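Reader: Hey, could you walk me through this model? I'd like to start with how the strands pair up.
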Amino acid sequence: MPANDSGAKLYEGLVASGLIIPVGVQGIFGRNAVFESVLRGFDDYVSRVAKDDGAEKMLFPPTLDRKVLEKSEFLDSFPQLAGSVFSFKGNEKQHAELRTALHGHEPWGQFMELTDVVLTPAACYPVYPSFTGTVPEKGRLVDMQNWVFRHEPSPEPTRMQAFRVREFVRVGSPAVVVEWRNMWLDRGLKIMESLGLPAKGEVANDPFFGRGGRMLAATQREQQLKFEVTIPVISDEKPTACCSFNWHQDHFGKIFEIKTEDGQLANTACLGFGLERVCMALFKHHGFDPGKWPAAVREKLWP
């Protein structure tokens, strides 16, 4: 249970209302039909806003080719968040040893070996290899909803280990990418405000690891490479990021050999709505019964 009083109150309300179902691990829980109805309603609302953007729709599983993770440099910056998939590859003798350790309540991880897949750490990562080569003059735009895993167990209800993100990824020239990001920053604020949520846009940084990470975070903020739309969910002092906008410059263009028609390295940017977090913001500000929410909010979610 969250130690923070506001976090504890929200968590207890979500559980008491049956909206989330604890499973015994921090940051992992089930969702009931009402929670899913709100999530789908918001996701559909975003679809209506973006319907004329001409995005390609893609869907990926919650697992990622391990080589893509290694190539992306995610482990250089966020090793604490990664989730690797291990599996048993041994013989019968080793299986017997595994069973002995397991039923003896002893460690059994030594019998597992790294596989070729990892859990997807960011919703945009699966799409970048598909951009390799030359993109059209106007670039490309991809629309996805993906499961994401981040190894940061916490009693805080908005800080989940497994969650869904509605993600848009833009690739093209720097001018095209930045214009698109700025447009969506305005859109994201308007979407949240239309749902009666006290949203604000602010410069942010990613949780880079270690001493060197603090320098990367400072640079990210100075160059305004990351923005977030935040909403007070747990506290007014530390509002929750419900929407994130990231301009990667040519980072992924360089790694995955993505170029514009004039032969330059392509820039990429992504924006993601944390779907569960948006739901929790709605429950926090409008109550645990969507049937009693303001009519204007319900109309946006279920027209």
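Author: E3 and E8 run parallel and are joined by two bridges. Strands here are DSSP runs of E with at least two residues, helices are runs of H or I with at least four, and both are numbered from the N terminus. Two strands pair if DSSP finds at least two bridges between them. This is a predicted model, where local features need pLDDT of at least 70 and side-chain atom pairs count only at pLDDT 80 or more, while totals for chains, interfaces and linings use all residues. Residues are numbered from 1 along each chain as its sequence is written, and side-chain values use heavy atoms, with hydrogens and water left out.

Reader: What stands opposite Lys57 in E8?
Author: That's Asp143.

Reader: And which helix packs on the sheet?
Author: H6 does, touching E8, E9, E10, E11 (226-231), E12 (240-249) and E14. Contact means heavy atoms within 4.5 Å. The direction of H6 makes about 15° with that of E14; axes are lines fitted to C-alpha atoms, for helices over the stretch in contact, and angles run from 0 to 180 degrees between N-to-C directions.

Reader: In what order do the seven strands of the open sheet come?
Author: The order is E3-E8-E9-E14-E12-E11-E10, with mixed pairing. E3 (56-57) and E10 (200-203) are at the edges with a single partner strand each, so one side of each has no neighbour in the sheet.

Reader: How many bridges join E9 to E14?
Author: Eight, and the two strands run antiparallel. Val171 has Thr268 in E14 as its bridge partner. E8 and E9 also run antiparallel, joined by ten bridges, and Leu141 is partnered with Arg170 in E9.

Reader: Is E9 mostly covered or mostly open?
Author: Mostly covered, with ten of its eleven residues buried. Buried means under 20% relative accessible area, exposed over 50%, and partly exposed in between, using a 1.4 Å probe and protein chains only.

Reader: Back to the helix. What does the side chain of Arg187 make a polar contact with?
Author: The side chain of Asp53, at 2.7 Å. A polar contact is a pair of N or O atoms within 3.5 Å; within protein, one must be able to donate a hydrogen and the other to accept it, and residues adjacent in sequence count only if both atoms are side-chain atoms. Arg187 sits in H6 (residues 174-194). Leaving aside neighbours within four places in sequence, Arg187 touches Val49, Ala50 and Asp53.

Reader: Now charges. How far is Glu156 from the nearest side chain of opposite charge?
Author: Arg159 is 6.8 Å away, and Glu156 is buried without a salt bridge. Lys and Arg count as positive, Asp and Glu as negative, and His and the chain ends are not counted. A salt bridge needs a side-chain nitrogen of Lys or Arg within 4 Å of a carboxyl oxygen of Asp or Glu. The Glu156 side chain does have a 3.1 Å polar contact with that of Thr158. Glu156 is in the loop between E8 (140-149) and E9 (162-172).

Reader: What about Val127, buried or exposed?
Author: Buried, with a relative accessible area of 0%. Val127 lies in the loop between E6 and E7 (133-134). Leaving aside neighbours within four places in sequence, Val127 is in contact with Met58, Phe60, Val142, Met144 and Val169.

Reader: And the three-strand sheet, what's the order there?
Author: E4-E6-E5, open and antiparallel.
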